[in-house]
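Subject: Handing over the structure, with findings

Hello,

Here is the structure for you to load. My notes come after it.

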Amino acid sequence: METKAKYALVTGGSRGIGKAICIRLAQDGFKVIINYVSNTAEAENTLAAVQAAGSEGEILRFNVADAQATQDAISGWQAAHPGEYISVLVNCAGIRKDNLMIMMPEDDWHKVLDIALNGFYNCTKACVRDMITKRYGRIINIASLSGLKGVPGQTNYSAAKGGIIAATKALAQEIAKRKVTVNAVAPGFIHSDMTSELPEAELAKMIPMGRFGEPEEVADLVSFLASDRAAYITGEVININGGLYS
Ligand code: NAP
């Protein structure tokens, strides 16, 4: 089957899971648009890795939580690429600000939801019209085990990721007829800056596989969902957690 997809936008592509996804999609032949918010050196490292993988890439810096900035950046890309469109969107940007609810500052509640959940809205809104019009697209949302199970100390993060999962299921039904699929990936503990300060040895004891996952393992799953081979999978949440929760 011919691959119609050419351009993939990965939010939070400068580091961790997003970086691994950029490289994997480059290996799959996509031209990769690498989004980040602050870490320019790491975004440039990702771009170099995309090019080393034999594809083309470009960096598109914007804060996914800022609706106008997101719309402006993606509209600007669209205007600069007439006849092309972003056929794969990976909503990966996210942060965590863990705290018990009783201690949680209002700002930490909003920041986590603004980036993960409103970021999903801002980026998807800007890309989905082209996918629908062209009758082909892949939207892949990086959720979390926290969004399925709920994790104490992560009420904000669990709410954001749970919201993404529900939005994935709703949007999938809206646009399935246009051959646009919408799926979520729910990782457990994956090695990245986000998890670097966690007590890994302790936590690994709870994981049936006895270890944290690697960003490349998540990227392999995203690669499949982004491909033509996943055409009949939509509205799904796929766990990737070493058996920790299902
Ligand atoms: P990470 O290493 O901390 O990387 C976070 C990425 O998000 C960076 O590229 C960062 O850009 C970007 N980002 C943060 N805020 C942004 C904003 N407002 N606008 C645009 N980009 C922004 O995290 P990670 O572990 O790879 O996590 C990636 C995703 O997987 C997140 O959604 C996270 O919730 C999810 N996840 C992670 C795990 C895990 O165990 N690691 C488990 C489940 C789910 P800068 O470099 O510019 O800061």
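Below is what was found in the model, by topic.

Confidence

This is a predicted model. Its mean pLDDT is 97. Of its residues, 98% reach 70 or more. The exception to note is the stretch of residues 1-5, where pLDDT stays under 50. For that stretch the model has nine contacts beyond four places in sequence.

Largest pocket

The largest pocket holds about 1000 Å³ of space. It is lined by 44 residues. Closest to its centre are Gly94, Ile95, Tyr157, Ser192 and Met194. Which elements each supply at least two residues of this lining? They are α1 (16-27), β2 (31-36), α5 (145-149) and α6. By type, the lining splits into 23 nonpolar, 15 polar and six charged residues.

Largest cavity

There is one cavity of 30 Å³ or more. About 60 Å³ of space lies in it. Its lining counts 13 residues. Asn91, Ala93, Ile115, Ala116 and Phe120 are the closest to the cavity's centre. Two elements give two or more residues to this lining: α4 (106-134) and α6 (155-175). The largest share, five residues, comes from α4. Nine of the lining residues are nonpolar, three are polar and one is charged. Note that α6 is named for the cavity lining and also for the pocket lining.

Cysteines

The disulfide count is zero. Why does cysteine 22 have no bond to cysteine 92? The cysteine 92 sulfur is the closest cysteine sulfur to that of cysteine 22, but the gap is 8.3 Å. A disulfide needs the two sulfur atoms within 2.5 Å, so this pair is too far apart for a bond. Cysteine 22 is also buried, with a relative accessible area of 0%.

Cysteine 123 gives a second case. Its closest cysteine sulfur is in cysteine 127, at 6.8 Å. That too is too far for a bond. Cysteine 123 is buried, at 1% relative accessible area.

Backbone points to check

Two residues have a positive phi although neither is a glycine.

- Arginine 135 has a phi of about 55°. It is found in the loop between α4 and β5 (137-142). Is arginine 135 buried, partly exposed or exposed? Its relative accessibility is 43%, so it counts as partly exposed.
- Lysine 179 has a phi of about 65°. It lies in the loop between α6 and β6 (180-187). Lysine 179 is exposed, because its relative accessible area of 54% is over the 50% cut-off.

One helix residue

Alanine 69 is found in helix α3, residues 67-80. At 26% relative accessibility, alanine 69 counts as partly exposed. How far apart are alanine 69 and arginine 24 in sequence and in space? They are 45 residues apart in sequence and 27 Å apart in space, C-alpha to C-alpha.

In brief

For a quick start, open the pocket at Gly94, Ile95, Tyr157, Ser192 and Met194, the residues closest to its centre. Then turn to the cavity, where α4 gives the largest share of the lining. Keep in mind that residues 1-5 have pLDDT under 50.

Regards

Conventions:
Residues numbered from 1 in each chain as written. Predicted model: local features only at pLDDT ≥ 70, side-chain atom pairs only at ≥ 80, totals over all residues. Heavy atoms only, no water. pLDDT = per-residue confidence, 0-100. Contact = heavy atoms within 4.5 Å. Buried < 20%, exposed > 50% of the residue type's maximum accessible area, 1.4 Å probe, protein only. 1 Å grid on protein atoms, 1.4 Å probe; cavity = no way out; pocket = protein on both sides within 12 Å on 5 of 7 lines; lining within 4 Å. Points joined across faces, edges and corners; volume = space filled by probe spheres on them. Helix = DSSP H or I, 4+ residues; strand = E, 2+ residues; numbered from the N terminus. Nonpolar A, V, L, I, M, F, W, Y, C, P; charged D, E, K, R; others polar.
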